[in-house]
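I opened a fresh notebook page for this one. Here is what I looked up, entry by entry.

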Amino acid sequence: MASRRMCSLLSHSLTSPTSSAALFSRGNIGRNIASPSRGISKYSTAAAIENPVDPPFEVKHTQLLINGQFVDAASGKSFPTLDPRTGDVIAHVAEGDAEDINRAVAAARKAFDEGPWPKMTAYERQRIVLRFADLIEKHNDELAALETWDSGKPYEQSAKVEVPMLTRLMRYYAGWADKIHGLTVPADGPYHVQTLHEPIGVVGQVTPWNFPLLMFAWKVGPALACGNTIVLKTAEQTPLSALFAANLLHEAGLPPGVLNVISGFGPTAGAPLASHMDVDKFAFTGSTKTGQVVHELASRSNLKPVTMELGGKSPFIVCEDADIDKAVELAHSALFFNQGQCCCAGSRTFVHERVYDEFVEKSKARALKRAVGDPFLKGIEQGPQVSNAQFEKILEYIKSGIESGATLESGGERLGNKGYYIKPTVFSNVKDDMLIAKDEIFGPVQSIFKYKDLDEVIRRANATLFGLAAGVFTENLDTANTLTRALRVGTVWVNCYNIFDAAIPVGGYKMSGHGREKGIYSLENYLQVKAVVTPLKNPAWL
Amino acid sequence: MASQNSDDSSASILVKNPTIKFTKLFINGEFVDSISGKTFETIDPRTGEVIAKIAEGDKEDVDLAVKAARQAFDHGTWPRLPGSERGRIMMKFADLIEENAEELAALETIDGGKLFSMNKAMDIPQAASSLRYYAGAADKIHGEVLKMSRELHGYTLQEPIGVVGHIIPWNFPSIMFSLKVSPALAAGCTMVVKPAEQTPLTALFYAHLAKLAGIPNGVLNVVSGLGSTAGSAISSHMDIDAVSFTGSTEVGRKILQAAAASNLKVVSLELGGKSPLIIFDDADVDMAADLALFGILYNKGEICVASSRVYVQEGIYEELVKKLVEKAKAWVVGDPFDPKVQQGPQVDKKQFEKILSYIEHGKREGATLLTGGKPLGEKGYFIEPTIFAEVKEEMLITKDEIFGPVMALAKFKTIEEAIKRANNTRYGLAAGIVTKDLNVANTVSRSIRAGTIWINCYFAFDNDIPFGGYKMSGFGKDFGLEALHKYLQVKSVVTPLYNTPWL
């Protein structure tokens, strides 16, 4: 439901742009957000970007969370987390490294081996997670503000979609806790056989910066439901919201040591976690390149199983029978949602030649209308990119697109002089061998390709190292069915995109990763299967 | 014998009596009188006195309730809400039950003679926890995508079955209400509940709480009334898609017949039992005696899974009998509000007399009465814990479900004999095994034709454990995800595929 709202919120805010660029004074964002008559036109004025709104909450938690306590890093080091609207420091956050990872793993190990968490009844675990969901609901706006401040995503998206989705996911997983079933298994002889689905143990998890809280839920939710204990390393760009949420989880009654949160960097904190001999399982969401490193570290240490949700270059296929206006809107949001920083972004828009010209024209117009500006303002569709590094990287790709001969229809440069804002960029006439057609850009850059027939588009859509998701836009049932089965990807959205319900599994084919998150499938990541066999004497049946 | 109906406990009757707030039928979100204007009396089994007059629903009222449920299903929001939202409302319902636990527990005690302390600690929290279990299942109802043998795409949809009739018994009014209603709500069904005429009070209270929680009008209707009129109208109704019944085997048969004669509605029946508890020589005698006694005396023996046949291996028979009698004599019968009391009155006069008549049968048939065998006190429906030894397979007290605090005890020699005698019944609800031997436990578990086997425990119910009978103990399960599927219907959807890269 919440993810459906994700789409409807987007389309809703898009269909009612006002013509005047409203000026928002610094100060109470609640007031601004509460005034529905105000809106933002395309490319919010420089004034709004130059004078960012003050977030209405203070940062409360900046230390590492180990064994139920907020503590400084063993080294005493900290790192600044930056406001992507300005590049200014929001807060200095304790910087965990190998020693802190060791402390956290020891706490998680103890909490797993000695309990009480895995020894509690599933009903008790469920009640704690449900209380956590209630607490998130209570702190919805504060969490949302923290998320926006740290990552640059629109506040409306954080407050109305992502934080409610976090509560939704936690409730979903709470409901699984008491429904984890092993099997009794048939045997070829007189044996009684059953499988126990046991918690896997201490879990190491690394979350990305694009959806810090949602990824927290995707990782922590199933691991907790299955009775594991956790060491979570957050992305260095966005450490704040997970600390806040983890604190609420303890307020809800989580025993110490069950969830430990380490802020820090990949090479110094992520790597020791991935190669830790006392970590039984690893889960990672991030780039394919880092995923390869993580997999290597896991195999070189204790062969811990790894779940990976990695990069994508997902095709969005517009068929000749598509309703063009709807297809344009959907393709636009498929790519530009969350500043284009989605692993599932529909970053290759394939359009049938018969509707291509009209599609390009309308996509350009739509991109020009996109409301970019201070994410704390109402009506804003796009905030700044998360960091300077991402910002520079995206601008490089845009340059490469122009140089390789793609047609720049809109955008192509930064917006304003402050922060990491990039104008919504549309390329047409993109060829399959261009860099912008092959690499994951992770920014507001839409690439439009022309195709002639179904077999061709299937071949081209599959000609990628990635296989995360795809969009199919057609009213024709047979076309939809053919494409659905032919595309080598983990999710196919037919006439919709970015629908992320709690029960829908997400994950990649090919180099987009291993395993599935969300849904019943996600439980498998956090369970060991133990077969128990014993002879039967004189059984009544087999 | 400490069993008594003392003056002290009589005094507490006055103190603890809750006010009766809901006595009318609950139809389409409103409490209403029955169309006929008729009422029936609900009786306090401690005294035989009237607690309240309750609206007596019959066929016309059931018709109204079904109409409301039909409307709510065919045109209402409930089956059209995402499972997660149904779950949210059910969670709220569970919270409200917990908030009113004290009052609900007291209602259950005055209406059913059940122990107040047990209602508060077990029955009412269990009603809430079942709701939460199925609330958590509401967003986890999966169909399957199927493996086709040619170019077809096939999948199943798990659809709510429609309007459901629930007919629930008087021995666990709260638990049974929740056990029937929760999975049906989670599935997206709408329903008409008929509580037992002996114990209508809590069901009506739950209807009130359901409304407060936000369950839309018409989704949950409660029609109090008699089996022969209201119950019969439900089981033969042409617009009810499924009926779920817990009660006696004789009534279960009538319901199945009515369902067959009307619209062939789906029926699930949780009926009577004569469950064996088999105690082997290697058992811990104290533990075994406790289990055996608890197995028959819990809830005054008014429980379908009561361990009403206890088979003891000859090696420990004498010792076990001694302990059993000692423990039975120390068992405290009295006012169910008294926290020291372990057993309250039988639910009504009819049950009381039926049990006493079985006891007379037992004596006449030549079984050895070890302890008990008599009513207790001048007032109300109290019966002494009763143990018959040396019962024979053909005796009535060994064959029939007595539904009271009456144990039939027998001796056996070998595991084969125990299995044979345990299975020598038309029932198959549950069985208990007490042994330390893994092989004995495994062999007996597979050999007993019953729906639940408890090894070294008894009454170990849990939300996730499916529960239901073999043979004439019924079919269909309560509890667990199996129960959810009673209220779902499978639809297969098939369409051709063209040019598919795999099959």
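A word on terms before I start: helices here are DSSP runs of H or I with at least four residues, strands are E runs of at least two, and both are numbered from the N terminus. I also keep in mind that this is a predicted model.

**Entry 1: a loop residue in chain B**

I began with Thr77(B), and found it in the loop that runs between helix 2 (59-74) and helix 3 (83-99) of chain B. Is Thr77(B) buried or exposed? Neither label fits: its relative accessible area is 46%, so I noted Thr77(B) as partly exposed, since that class lies between 20% and 50%.

Next I asked what Thr77(B) touches once neighbours within four places in sequence are set aside. I got Ala72(B) and Pro216(B). Pro216(B) caught my eye, as it sits 139 residues from Thr77(B) along the chain, yet their C-alpha atoms are separated by 7.7 Å.

**Entry 2: the annotated position**

I then checked the UniProt record, an unreviewed entry, which lists Glu270(B) under "active site". I placed Glu270(B) in strand 10 of chain B, residues 266-270. Its relative accessibility is 2%, so I logged Glu270(B) as buried, the cut-off being under 20%.

Which residues does Glu270(B) touch, leaving out those up to four places away in sequence? My list reads Met176(B), Phe245(B), Thr246(B), Gly247(B), Cys304(B), Leu429(B), Phe467(B), Ser473(B) and Asp478(B).

**Entry 3: chain B as a whole**

I counted 16 helices and 21 strands in chain B. Its radius of gyration is 24 Å, which agrees with the value near 23 Å for a compact globule of 503 residues. The C-alpha atoms of chain B fill a box of roughly 75 × 60 × 40 Å along the principal axes. Buried residues come to 60% of the 503. For contacts in chain B between residues at least 6 apart in sequence, I noted that 75% join residues at least 24 apart. I put the mean positions of its 54 positive and 61 negative charges 3 Å apart.

**Entry 4: chain A**

For chain A I wrote down 18 helices and 20 strands. Its radius of gyration is 24 Å, close to the 24 Å from the globule rule for 542 residues, so chain A is as compact as a globular protein of that length. I noted 61% of those 542 residues as buried. Chain A exposes about 19600 Å², with carbon and sulfur atoms supplying 53% of that area. Its 56 positive and 58 negative side chains have centres 2 Å apart.

Definitions and conventions
Residues numbered from 1 in each chain as written. Chains lettered and ligands numbered in written order. Predicted model: local features only at pLDDT ≥ 70, side-chain atom pairs only at ≥ 80, totals over all residues. Heavy atoms only, no water. Buried < 20%, exposed > 50% of the residue type's maximum accessible area, 1.4 Å probe, protein only. Contact = heavy atoms within 4.5 Å. Rg over C-alpha atoms; globule rule 2.2 N^0.38 Å. Areas by Shrake-Rupley, 256 points an atom, 1.4 Å probe, with all protein chains shown as cover. Lys, Arg positive; Asp, Glu negative; His and termini not counted. Charge placed at Lys NZ, Arg CZ, Asp CG, Glu CD. UniProt positions renumbered as here; feature names shortened; annotations may be inferred.
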